[in-house]
Amino acid sequence: MVVHRSLLSAGLLLAAAPAANRSFTVQSSQIAWEAIQPPGAPPGLSQRLLHDNKQNGLTSAVVKFPKGYTEPRHYHTKCGHSIYVLKGKLKAPDWIWTSGS
């Protein structure tokens with residue numbers, strides 16, 4: 001399982017929000033897995049969408065990759081992401097991420 005984050009920290013601080021509404025928690029086990037198919041990605045991905053801010057376009061999700069999945073070479077021109085491998089490994093064209101990386 002891999003955590004995919006789009007420019008958000010675990011604390012999810014929202015700069016424009018009032019102080020009382022700046023941080024929050026979610027129970028990821030209470031969020032259903034949903035199939036996703038990003039353009040150009042092999043099939044089989046699913047995610048738990050933890051946060052989706054329509055106002056600024058930032059999202060945070062736990063993404064599950066199927067066993068043997070290889071991340072295709074791709075480039076981001078309008079966004080970025082961070083990947084944390086929680087269990088297993090994730091292959092990419094130039095490296096392999098393992099648990100804890």
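Select β6 (89-92) and β7 (95-98). In this predicted model, the two strands run antiparallel and are joined by four bridges. Together they form a hairpin, with two residues between the strands. To check the pairing, pick A92 and look across to W95 in β7, which stands opposite. Then pick K91; its bridge partner in β7 is I96.

Stay on β6 and show its side chains. One face, made of L90 and A92, is covered, while the other, with K89 and K91, is uncovered.

Next, show the rings of W95 and W97. Their centres are 5.2 Å apart and their planes stand at 75 degrees; planes over 60 degrees apart count as edge-to-face, so this pair is edge-to-face. W95 is partly exposed, with a relative accessible area of 42%. The structure holds two aromatic pairs, and the other appears further on.

**The turn and its salt bridge**

Add D94 and R73 to the selection. Their side chains meet in a salt bridge, with N and O 2.9 Å apart. What does this pair tie together? R73 belongs to the loop between β4 and β5, and D94 to the loop between β6 and β7, so the salt bridge links parts that are 21 residues apart in sequence. D94 is exposed, at a relative accessible area of 52%.

The count of salt bridges comes to two. For the other one, select K54 and D52, whose closest N and O atoms are 2.7 Å apart. Side chains of opposite charge can pair when their charged atoms come close. K54 is exposed, its relative accessible area being 69%, whereas D52 is partly exposed at 32%.

**From β2 through β3 to β4**

Colour the chain by secondary structure. There are zero helices and seven strands, and the order along the sequence is β-β-β-β-β-β-β.

Select β3, residues 45-53. Is this strand mostly covered or uncovered? It is mostly covered, with seven of its nine residues buried.

On one side, look for β2, residues 34-36: three bridges join β2 to β3, and the two run antiparallel. Pick E34 to find one partner, Q47 in β3.

Now add β4 (58-64). Seven bridges join β3 to β4, again in an antiparallel arrangement. A pair to pick here is R48 with its bridge partner in β4, V62. Follow the chain through the hairpin of β3 and β4, which has four residues between the strands; G57 takes a positive phi near 80 degrees there.

**A charge over a ring**

Show K64 and W33 together. The charged end of K64 sits over the ring of W33, at 4.2 Å from the ring centre.

**The nonpolar core**

Hide the rest and select A41, L45, A61, V63, F65, Y69, I83, V85 and L90. These nine residues make up the largest nonpolar core. Which elements give two or more residues to this core? They are β4 and β5 (82-85). In soluble globular proteins, nonpolar side chains tend to be buried together.

Centre the view on V63, which is found in strand β4. V63 has a relative accessible area of 3% and is buried; the cut-off for that label is under 20%. Draw a distance from its C-alpha to that of A35: the two residues are 28 apart in sequence and 9.7 Å apart in space.

Then move to F65 and Y69, also members of this core. Here is the remaining aromatic pair: the ring centres lie 4.9 Å apart and the planes are at 50 degrees, so the pair is tilted. Both residues are buried.

**Whole chain**

Zoom out and restore everything. The chain has 101 residues, of which 27% count as buried. For a contact map, consider the contacts with a separation of 6 or more: residues 24 or more positions apart account for 40% of them.

Conventions. Residues are numbered from 1 along each chain as its sequence is written. This is a predicted model: local features need pLDDT of at least 70, side-chain atom pairs count only at pLDDT 80 or more; totals for chains, interfaces and linings use all residues. Side-chain values use heavy atoms; hydrogens and water are left out. A nonpolar core is a set of buried Ala, Val, Leu, Ile, Met, Phe, Trp, Tyr and Cys residues joined through side-chain atoms within 4.5 Å. Buried means under 20% relative accessible area, exposed over 50%, partly exposed in between (1.4 Å probe, protein chains only). A salt bridge is a side-chain nitrogen of Lys or Arg within 4 Å of a carboxyl oxygen of Asp or Glu. Rings of Phe, Tyr and Trp (its six-membered ring) pair if their centres lie within 6.5 Å; planes under 30 degrees apart count as stacked, over 60 as edge-to-face and the rest as tilted. A charge sits over a ring if NZ of Lys or CZ of Arg is within 6 Å of the ring centre and within 35 degrees of the ring normal. Two strands pair if DSSP finds at least two bridges between them. Contact means heavy atoms within 4.5 Å.
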